[in-house]
Amino acid sequence: MSISDRVINIIAEQAVLEPSDVTPDSTLEDLGIDSLGLVESIFAIEEEFDITVPFNANEPTASDFDISNVAAIIAGIEKLVSEKV
Amino acid sequence: MKRVVITGAGTINSLGHSVPDTLEAMREGRCGISELEFRDVDRLSIKIGGQVRGFEAEGRFNRQQMTLYDRFTQFTLTAAKEAIDQSGIVFSGDLAARSGVVLGTAGGGVSTWDDNYRSVYEDGKNRVHPFVVPKLMNNAAASHVSMEHNLKGPSFTVSTACASSNHAMAQAFQLVRSGAAPAMVTGGAESMLCFGGVKAWEGLRVMSKDACRPFSANRNGMVQGEGAGIFVFEEYEHARARGADILCEVVGFAMSSDAADIVMPSKQGASRAMAGALADARLNASDVCYINAHGTGTAANDKTECAAVAGVFGPHADDLMISSTKSMHGHLIGGTGAVELLACIMALRDGVIAPTIGYEEPDPECALDVVPNEARDAKVDVALSNAFAFGGLNAVLALKRI
């Protein structure tokens with residue numbers, strides 16, 4: 001499964017939606033994921049890919065990890081995964 | 001001052017998953033203590049406890065709730081639902097704004113600490129779930145009850161080891177009696193039956209390997225239990241106006257501190273708490289028919305408690321009944337007073353005294369009527385519930401038939 005599909009599965013599970021309902025341009029707000037849900041999603045992504053996502057819930061916009069929509073999150077994860085090896 | 005009555009009761013413990021099941025077990029003198037079942041139990045020297053069996057949290061709570069509810073919170077919410085349903089009280093508007101939750105727990109989310117320490121120390125993981133803190137905090141259960149039942153008034157958690165729930169219920173009583181709150185949800189919960197929880201207790205060497213036998217000469221220690229007891233305390237006129245079924249009245253309480261030793265109990269501290277509760281309730285010692293003892297089954301507690309009762313009640317000590325239901329459900333630590341309050345309610349309402357089971361040999365240092373092994377029918381107008389904690393913090397409640 002691609003990184004994109006794996007991230008979408010995690011986000012869909014958090015949002016209690018089908019993966020097909022999670023589109024690249026969906027925002028977390030569109031999907032009904034609140035701040036606690038976001039933190040939980042990031043935890044699940046870190047576990048899935050064995051990476052550390054630079055995200056501070058106090059300053060969601062301060063890090064260079066973009067969470068503005070699903071496509072941005074996937075791109076960020078792909079970058080972190082590629083840097084891992 | 002307002003009168004305070006109990007209009008709802010709920011519980012889950014090793015004797016039953018509801019109040020009727022628990023009271024039936026107490027009437028029959030059943031023992032809920034058995035072989036513990038959890039990971040690494042083979043590395044413990046203490047392998048028995050009053051463990052809750054057949055409780056399926058999955059299905060009862062959704063996935064999101066499961067990530068936030070430690071076992072002690074699960075027990076609390078289960079018991080709170082039973083209590084509030086029985087009471088029939090609906091918290092809305094001004095009633096909701098002024099009513100709150102005061103609960104007792106000694107350890108809070110012990111199994112959440114245990115699981116996550118295991119994960120980072122033993123398994124070497126460097127990441128824990130984001131909700132570890134809100135799951136393990138001692139006030140988690142009180143907060144979730146407030147959210148679930150729309151209680152927006154004074155809410156907090158009290159932690160005084162084995163007296164936690166008695167101290168909590170005393171605070172709820174004061175809030176209702178003073179008129180600050182029309183109703184309060186109160187009681188306590190504990191869930192320490194996991195490897196780390198029991199291992200910590202083993203260190204003290206006060207645990208029995210075979211049974212809890214309070215007041216019996218051959219007693220050899222305490223046995224831990226788990227679960228919750230939750231009640232609705234309500235202002236009397238408020239309860240009457242809505243036609244609530246009143247279980248009993250809470251008429252007084254007292255707290256005292258031994259200011260002496262961190263683990264050894266004190267006769268004086270216990271005596272002052274019992275005498276104080278009688279004075280607060282404007283009762284004479286001779287009015288008391290039944291005492292639900294702290295009765296842990298340790299050498300130290302039982303003889304100190306009996307000496308304190310003999311001191312406070314004088315010749316009447318030989319006429320009253322005193323039993324320890326810890327022999328059946330184990331010691332629920334911070335939740336124990338709440339589950340034991342059920343025995344007081346059964347005495348007052350049903351006229352049945354829960355027995356001290358496991359009683360085998362009389363002890364001259366505990367020469368009181370401990371209602372050995374079999375429940376007894378008796379008309380009881382006034383009952384006391386004792387809790388004497390490590391740290392020398394004591395809390396005694398006085399209840400009356402209505």
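Colleague: Where is A:Val7 found in chain A?

Modeller: Keep in mind that this is a predicted model. A:Val7 sits in helix 1 of chain A, which covers residues 3-15.

Colleague: Why is A:Val7 called buried?

Modeller: Count the C-beta atoms around it. A:Val7 has 24 other C-beta atoms within 10 Å, and the label "buried" applies from 20 or more. So A:Val7 counts as buried.

Colleague: What makes A:Ile45 a contact of A:Val7?

Modeller: The cut-off is on C-beta atoms, which must lie within 7 Å. Leaving aside neighbours within four places in sequence, A:Val7 is in contact with A:Ile45, and also with A:Ile73, A:Ile74 and A:Ile77.

Colleague: And how far is A:Val7 from A:Asp21, C-alpha to C-alpha?

Modeller: The two C-alpha atoms are separated by 13 Å, with the residues 14 apart along the chain.

Colleague: Over to chain B, then. Which domains does the assignment give?

Modeller: Domain 1 spans 4-241 and domain 2 spans 252-400. Their centres, taken over C-alpha atoms, are 21 Å apart.

Colleague: How many residues does the contact take from each domain of chain B?

Modeller: It takes 62 residues from domain 1 and 55 from domain 2.

Colleague: Which element gives the most to the domain 1 side of that contact in chain B?

Modeller: That's helix 8 of chain B, with 7 residues. Elements giving two or more residues there include strand 1 (4-13) and helix 1 (19-28) of chain B.

Colleague: What kinds of residues make up that side of domain 1 of chain B?

Modeller: They divide into 29 nonpolar, 27 polar and 6 charged.

Methods
Residues are numbered from 1 along each chain as its sequence is written. Chains are lettered from A and ligands numbered from 1 in the order in which they are written. This is a predicted model: local features need pLDDT of at least 70, side-chain atom pairs count only at pLDDT 80 or more; totals for chains, interfaces and linings use all residues. Helices (H or I, at least four residues) and strands (E, at least two) are DSSP runs, numbered from the N terminus. A residue is buried if 20 or more other C-beta atoms lie within 10 Å of its own, exposed if 12 or fewer, and partly exposed in between; C-beta atoms are placed from the backbone. Two residues are in contact if their C-beta atoms, placed from the backbone, lie within 7 Å. Domain bounds come from an automatic or database domain assignment. Ala, Val, Leu, Ile, Met, Phe, Trp, Tyr, Cys and Pro count as nonpolar, Asp, Glu, Lys and Arg as charged, and the others, Gly among them, as polar.
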